[in-house]
Amino acid sequence: MNSRNKISARIDYGIVLSLMLLCLISMISIYSAQLTNEQYTANFVMKQAVWFVVSGFAIFVIMQFDYERLTKWAYYFYGLGLLMLVFVLFFGKVVNGARSWIVIPFLGNLQPSEVVKVILIIVLSKVIWDHNRKFRTHTLKYDFWLLVKLGIFTLVPIGLIMLQPDLGTGLVFIAIMSGMILVSGITWKLIVPIYGSIVAIGGTLLYLVLYHESWLVKLGFKSYQFERIHTWINPESDPQGGGYQVLRAMTAIGSGQISGNGAGYNAIAIPENHNDFIFTVIGGDFGFVGASILLAIYFLLIYQIIRVALDVGIPFYSYICTGVVMMIMFHVLENVGMNIGLLPITGIPLPFISYGGSALLGNMMAIGLVLGIRYNYQKSMFTVKEEKLAE
């Protein structure tokens with residue numbers, strides 16, 4: 001009995017409750033999307049339920065990885081992740097023009113890059129942790145060297161992903177690295193100029209696309225490459241083409257008004273509304289109130305992950321929590337943003353809600369890392385103290 005009590009005390013029930021609520025919303029939303037699209041012949045609800053069970057088992061497995069195992073095997077995980085990405089390039093299945101998938105018997109398609117996101121969080125945490133223990137005094141030279149290492153470890157998988165190609169996933173990798181840089185201890189004397197330059201370059205390119213596209217064409221770019229930017233800024237310019245999806249999405253969300261039309265009632269047909277555009281189902285069925293509750297659950301989950309990092313106080317774990325927060329937050333902001341027309345469409349799913357086993361598995365694995373931090377905290381605390389004494 002005492003052993004059971006000790007184990008139960010090591011489980012973060014707040015995070016578990018948030019996950020259960022998100023899973024419930026996911027099943028209801030996918031069921032509603034399936035009802036309102038007659039062309040859907042597959043039972044997406046049952047398939048997603050299977051992936052929830054698989055992902056739950058993955059959480060249990062990852063929770064067993066304590067501080068010592070994660071730091072020891074981080075680079076092996078990274079190598080395995082790169083091998084998966086290379087394997088996909090040669091033997092992967094093409095879906096929607098991207099060779100990003102492998103076929104798993106009895107489960108269906110799996111996108112390895114979703115798993116590699118979690119691996120990236122682990123290995124970047126390891127890189128920062130090792131660097132800061134070796135160079136305890138922060139200088140421009142040492143911080144720049146850390147920045148280079150983080151960039152290399154991130155850009156290698158991004159390069160393989162862009163060969164598929166999959167821009168959306170590549171952006172998630174950049175978001176993870178960017179967030180972890182901010183907590184790595186790198187001086188702002190490096191961060192501000194670098195990030196400022198990126199913003200300036202991005203703003204300049206956007207200005208040229210909108211007002212001086214001919215200049216970019218002379219540099220070798222093609223006009224069709226800028227269509228997504230134009231339809232993002234002004235979807236009404238091509239209502240039957242590039243702007244069709246976002247216009248329908250905004251109309252569907254707006255139809256829900258304050259309290260929604262009720263589950264299963266979606267007057268606006270949206271392609272892929274069970275996947276990347278499932279937020280339109282939530283907005284249409286449950287209105288502003290339902291969408292707000294969903295976003296509140298996300299913020300609660302993010303707060304709980306931050307709380308874990310603060311309570312534990314072990315830098316390696318704090319880096320992991322930061323990576324997980326950035327991954328979830330970027331997914332939510334980008335997905336909701338593209339559904340309401342604030343951001344361009346990138347094909348990024350809504351975490352824990354959108355239909356899709358790969359994305360669900362990757363997100364659940366990330367949560368498994370956080371739950372494992374709380375679960376293994378006592379053991380990890382003694383291991384870290386022993387390492388400090390040995391230095």
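**H13 and H14.** I began with a crossing: H13 passes H14 in a left-handed crossing. The model I am reading is predicted. H13 covers residues 315–339 and H14 covers residues 357–375. I looked up their axes, which come within 10 Å and cross at roughly 150°. That angle is over 145°, so H13 counts as roughly antiparallel to H14.

Next I listed who touches whom. From H13 I noted Tyr317, Ile320, Cys321, Val324, Met327 and Ile328. From H14 the contact takes Gly362, Asn363, Ala366, Ile367, Leu369, Val370 and Ile373. I sorted the residues of this contact by class: eleven are nonpolar, two are polar and none is charged.

**The loop between H13 and H14.** I then checked the loop between H13 and H14, where Phe352 lies. Phe352 has a positive phi, near 70°, and it is not a glycine. I flagged it because most residues other than glycine have a negative phi.

**H12 on its own.** How far does helix H12 span between its end C-alpha atoms? I found 35 Å for residues 278–312. A straight helix of 35 residues would span 51 Å at 1.5 Å a residue. I went looking for a bend and found one at Phe286, where H12 turns by about 125°. Just after H12 comes Gly313. The phi of Gly313 is positive, near 75°.

**H12 against H13.** I took this pair next. The axes of H12 and H13 come within 10 Å and cross at roughly 165°. The two helices are therefore roughly antiparallel to each other. I logged the crossing of H12 and H13 as left-handed.

On the H12 side of the contact I wrote down residues including Phe279, Thr280, Leu295, Tyr298, Leu301 and Ile302. The H12 list also includes Ile305, Ile306, Val308, Ala309 and Val312. On the H13 side I have, among others, Tyr317, Ser318, Cys321, Val324, Val325 and Ile328. Met329, Val332, Asn335, Val336 and Asn339 of H13 are also among them. By class, I recorded 18 nonpolar, four polar and no charged residues for this contact.

I cross-checked the H13 lists. Tyr317, Cys321, Val324 and Ile328 appear in the contact with H14 and also in the contact with H12.

**H4 and H5.** Are there charged residues here, and how many? First the geometry: H4 (residues 67–91) and H5 (residues 112–134) pack at an angle of about 140°, with their axes 8 Å apart. That angle makes H4 oblique to H5. I noted that H4 passes H5 in a left-handed crossing.

From H4 the contact includes Tyr67, Leu70, Thr71, Ala74, Tyr75 and Phe77. Tyr78, Gly81, Met84, Leu85 and Val88 of H4 also take part. From H5 I noted, among others, Pro112, Ser113, Val115, Val116, Ile119 and Ile122. Val123, Lys126, Val127, Trp129, Asp130 and Arg133 of H5 are in it too. My tally by class reads 17 nonpolar, three polar and three charged.

**A cis bond.** Last, I looked at Pro165, which sits in the loop between H6 (140–162) and H7 (167–182). The peptide bond from Gln164 to Pro165 is cis, with omega near -10°. I marked it, because most peptide bonds are trans.

Notes
Residues are numbered from 1 along each chain as its sequence is written. This is a predicted model: local features need pLDDT of at least 70, side-chain atom pairs count only at pLDDT 80 or more; totals for chains, interfaces and linings use all residues. Side-chain values use heavy atoms; hydrogens and water are left out. Axes are lines fitted to C-alpha atoms, for helices over the stretch in contact, and angles run from 0 to 180 degrees between N-to-C directions. Helices (H or I, at least four residues) and strands (E, at least two) are DSSP runs, numbered from the N terminus. Angles under 35 degrees count as roughly parallel, over 145 as roughly antiparallel, 65 to 115 as roughly perpendicular and the rest as oblique. A crossing is left-handed if the near helix is turned anticlockwise from the far one by less than a right angle, and right-handed if clockwise. Contact means heavy atoms within 4.5 Å. Ala, Val, Leu, Ile, Met, Phe, Trp, Tyr, Cys and Pro count as nonpolar, Asp, Glu, Lys and Arg as charged, and the others, Gly among them, as polar. The expected span of a helix is 1.5 Å times one less than its number of residues. The bend at a residue is the angle between axes fitted to the seven residues ending there and the seven starting there.
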